[in-house]
Amino acid sequence: MEALIEKEGLSQIYEKVIQGKRLSREDGIRLFKTQNLPVIAFLANIIRERLNGDKTFYIYNQHINYSNVCKNLCKFCAFGKEKSSPHAFEMTLDDIEDEVKKRLNEPIREIHIVGGCHPDLPYEFYLEMLKRIKKIRPECHIQAFTCVEIAHIAQIADKSIEDTLKDLVDSGLGSIPGGGAEVFSPRIRERLCPEKLSGQGWLEVAKAAHRMGIKSNATMLYGHIESIEERLDHLIALREAQDETGGFLCFIPLAFHPKNTELESISPTGGVDDLKTIAISRLMLDNFPHIKAYWIMLGTKVAQIALSFGADDLDGTVLEEKITHMAGAETEKALSRDEIERIIKAAGRIPIERDTLYNEIPT
Ligand code: V47
């Protein structure tokens, strides 16, 4: 492998990886321009195994998308709809309770909740949602509302981000999912999601949460109109925020699904870009403990291979995810614990069931 690394002109990067030194923006660009996938996998796998050995994490979780009504209407999103759209939906608090009650017989560890930025749901709706779920399933960790939703909820309440987070935590919020980050570049946001919270705003909400002891995840939506440089700027902004707070649990590169969006003319990402992006994320985000290959977006086959490209987490059992499936994903809607474990073992890794905070669940 050393000979191949030298042939690709990646010896300096290899040295940095071996010595645990931080990679620069230029290193990241260099890696994206490298066509030799096995070399990139080899480099990312060094960090993956240094941090997590052969462990591959998954969680028994349930997704609830409470409403797709959204005032932002981002061009890459097939999920968000205007209130008047025939495809808009809103779950009532009773509907949400029913969704949770339906699966009380399953050992669900986490309920993952994401919606749109609904123009007129009241503040109490969000607090009550958390309280009701917590009453039915007190042992379950609730990971809810992206940084974008939290900024929106704070605006509805006319409260600071900190006061809003305090109310949400008092009602049952455990941590924050990584959505809404997209690509932080103002150029991309102006073109694809001008109504959305800015990249800076997203980072401010995440850091405020971390300062209050609330952990969160981070994502990057890639494979649309962003440049390689913009991807790296996004990763470096996350790395700097993590240096400041240490509050990110994991990073999830989200592969863009164009179907039913305003960007339908863009081709879906290929396996090469998916794997490269996972690997380069692992290499750049040296201070993130985990990199997730989200099988819902990647498909189980690419997600399985990603376990040799730096990823150490496959997400979970999921069930009822709507955001990717409304944008044309042809993946299954759920995996059983046995299926996830089989995928991990067949990749030569050790499956570890975890809770949201990456505590290992004893078997
Ligand atoms: O914020 C929207 C993205 C996100 C599309 O934190 C799209 O563990 C692809 O963030 N194609 C929501 N992606 C999902 C999300 C997530 C998923 C799984 C785990 C975690 C976690 C977070 O989905 C949105 C947006 O960035 N998205 N439309 C699309 N057409």
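Mentor: Helices (H or I, at least four residues) and strands (E, at least two) are DSSP runs, numbered from the N terminus. This is a predicted model, in which local features need pLDDT of at least 70 and side-chain atom pairs count only at pLDDT 80 or more, while totals for chains, interfaces and linings use all residues. Residues are numbered from 1 along each chain as its sequence is written.

Trainee: How many helices and strands are there in the protein chain?

Mentor: The protein chain has 16 helices and ten strands.

Trainee: What makes the protein chain as compact as a globular protein of that length?

Mentor: Its radius of gyration, taken over C-alpha atoms, is 20 Å, and the globule rule (2.2 Å times the number of residues to the power 0.38) gives 21 Å for 363 residues, so the value is close to that of a globular protein of that length. The C-alpha trace spans about 60 × 50 × 40 Å along its principal axes.

Trainee: Which elements supply at least two residues each to the shell around the ligand?

Mentor: They are β6 (216–222), β7 (248–255) and α15 (323–326). With three residues, β6 gives the largest share. In total 25 residues surround the ligand (C-beta atom, placed from the backbone, within 6 Å of it). P177, G178, G179, N217 and A327 are the closest.

Trainee: How does the shell divide into nonpolar, polar and charged residues?

Mentor: There are 14 nonpolar, nine polar and two charged residues. Here Ala, Val, Leu, Ile, Met, Phe, Trp, Tyr, Cys and Pro count as nonpolar, Asp, Glu, Lys and Arg as charged, and the others, Gly among them, as polar.

Trainee: Which residues does the UniProt annotation "binding site" cover?

Mentor: That annotation, from an unreviewed entry, covers C70, C74 and C77. C74 is placed in the loop between β2 (61–64) and α5 (93–101), and C77 lies in the loop between β2 and α5.

Trainee: Why does C74 count as buried?

Mentor: A residue is buried if 20 or more other C-beta atoms lie within 10 Å of its own, exposed if 12 or fewer, and partly exposed in between. C74 has 23 such neighbours, so it is buried. C77 has 25 and is therefore buried. Leaving out residues up to four places away in sequence, C74 touches G80, L192, C193 and K196 (C-beta atoms within 7 Å).

Trainee: How do you know that I278 counts as buried?

Mentor: I278 has 32 C-beta neighbours inside 10 Å, so it is buried. It sits in helix α12 (residues 271–284). Its contacts beyond four places in sequence include P253, I291, A293 and A306. A306 in turn is in contact with L275, I278, A293, L298 and A311, again leaving aside neighbours within four places in sequence.

Trainee: What sets D158 apart in its phi?

Mentor: D158 has a positive phi of about 55° although it is not a glycine. Most residues other than glycine have a negative phi. E182 also has a positive phi, near 50°.

Trainee: Why is D158 called buried or exposed?

Mentor: D158 has 9 other C-beta atoms within 10 Å, so it is exposed. Its place is the loop between α7 (147–157) and α8 (161–171). E182 is in the loop between β5 (173–175) and α9 (186–192). E182 has 27 C-beta neighbours inside 10 Å and therefore counts as buried.

Terms used. UniProt positions renumbered as here; feature names shortened; annotations may be inferred. Contact = placed C-beta atoms within 7 Å.
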